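Here are some friendly notes to read alongside the coordinates. They go through charge pairs, rings, an internal space and a few backbone details.

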Amino acid sequence: MGSSFNELSPLLQFAHTGVKRYEGSVVVKRGGVIANTICSIFRFPKASSSSQLVVDCGHFSDRMDWVRDFDGFKMSSSFYSEKNYLVERLGPLEMQFTAHNVNGALEYQFSKTKLLGIALPKFLWPKVKAYETESEGRYQFSVSVHMFLVGFILSYAGDLKITEPA
């Protein structure tokens, strides 16, 4: 993000430096039968109207490591820079995106997907909408995934408290 990182809200800047723990209740939704199959294959969390989410994350000069725990269901990913992009490695998936400051909030634009190291054709890329914001002193986020021909796959969103583990 370069210098635009300094224009994020103070809470988002705090959230994305050093070692942090995010905790709170989130809503997880899944789509239909095909979407559920895709979610199961890629080990995404189960649908829940109130899932306790704990995210342990470390932000380092060369990478970020995140472990998301949805009621005991763990989903780990690592992030690294590649040219002007941030790449998230989530199991066999690699998703390339850019982060943008939009009025102090973070919005993510996804631009490429690889499966097992092989670039997928654009029509097979998941359409991911993701953002983080601060509202009334609270950290809020939302992630939503859709796919061509399948439609809605998965979403999760909520308010989280951010702390620095001892």
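1. **A charged pair in sequence order.** Please keep in mind throughout that this is a predicted model. A good place to begin is Arg63, which forms a salt bridge with Asp62, with 3.4 Å between the closest N and O atoms. Arg63 is partly exposed at 34% relative accessibility, while Asp62 counts as exposed at 52%. The pairing does not stand alone: a network of salt bridges links Asp62, Arg63 and Asp65.

2. **The total for salt bridges.** How many salt bridges does the count come to? The count is eight. As general background, side chains of opposite charge can pair when their charged atoms come close. Two further pairs deserve a look of their own, and they follow in the next points.

3. **Lys20 and Glu164.** The side chains of these two residues meet in a salt bridge, at 3.2 Å from N to O. Lys20 lies in strand E1 (residues 18–30) and Glu164 in the segment after strand E11 (151–163), so the pair ties together parts that are 144 residues apart in sequence. Are the two partners buried or exposed? Lys20 is buried, with a relative accessible area of 1%, whereas Glu164 is exposed, with a relative accessible area of 52%. If you compute per-residue accessibility yourself, both ends of this bridge are worth listing.

4. **A second role for Lys20.** Which ring does Lys20 lie over? Lys20 sits over the face of Phe14, at 4.3 Å from the ring centre. Lys20 therefore appears in this charge-over-ring contact as well as in the salt bridge with Glu164, with its cut-off of 4 Å between side-chain nitrogen and carboxyl oxygen.

5. **Arg68 and Glu88.** Here the side chains meet in a salt bridge at 3.1 Å, N to O. Arg68 belongs to strand E3 (residues 64–70) and Glu88 to strand E5 (residues 85–90), so this pair ties together parts that are 20 residues apart in sequence. Arg68 is buried, and Glu88 is buried too. For anyone assigning protonation states, this is a pair to view on screen.

6. **Aromatic pairs.** The count of aromatic pairs comes to eleven. One of them joins Phe141 and Tyr156 edge-to-face, with 5.9 Å centre to centre and 65 degrees between the planes. Phe141 lies in strand E10 (residues 138–147) and Tyr156 in strand E11, so the pair ties together parts that are 15 residues apart in sequence. Both Phe141 and Tyr156 are buried.

7. **The ring cluster.** Ring pairs also build a cluster, made up of Tyr22, Trp66, Phe70, Phe79, Phe97, Tyr108, Phe110, Tyr139, Phe141 and Tyr156. Phe141 and Tyr156 from the previous point are thus among its members. Colouring the cluster as a set makes the arrangement easy to follow.

8. **The cavity.** How many cavities of 30 Å³ or more does the structure hold? There is one, and the volume of the largest cavity is about 60 Å³. Its lining consists of Glu82, Val87, Glu94, Met95, Gln96, Lys112, Thr113 and Lys114. Strand E6 (93–102) and strand E7 (105–115) each supply at least two residues of that lining. By character, the lining divides into two nonpolar, two polar and four charged residues.

9. **Positive phi at Lys83 and Asn103.** Two residues other than glycine are worth a backbone check. Lys83 has a phi near 60 degrees, and Lys83 is found in the loop between strand E4 (73–82) and E5. At 80% relative accessibility, Lys83 counts as exposed. Asn103 has a phi near 55 degrees, also a positive value. Asn103 is placed in the loop between E6 and E7, and counts as exposed at 81% relative accessibility.

10. **Ser155.** Finally, where does Ser155 lie? Ser155 is in strand E11 and is buried, with a relative accessible area of 14%. The C-alpha atoms of Ser155 and Ser9 are separated by 24 Å, and the two residues are 146 residues apart along the chain.

Key:
Residues numbered from 1 in each chain as written. Predicted model: local features only at pLDDT ≥ 70, side-chain atom pairs only at ≥ 80, totals over all residues. Heavy atoms only, no water. Helix = DSSP H or I, 4+ residues; strand = E, 2+ residues; numbered from the N terminus. Buried < 20%, exposed > 50% of the residue type's maximum accessible area, 1.4 Å probe, protein only. 1 Å grid on protein atoms, 1.4 Å probe; cavity = no way out; pocket = protein on both sides within 12 Å on 5 of 7 lines; lining within 4 Å. Points joined across faces, edges and corners; volume = space filled by probe spheres on them. Nonpolar A, V, L, I, M, F, W, Y, C, P; charged D, E, K, R; others polar. Phe/Tyr/Trp six-rings, centres within 6.5 Å; stacked < 30°, edge-to-face > 60°. Lys NZ or Arg CZ within 6 Å of the ring centre and 35° of its normal.
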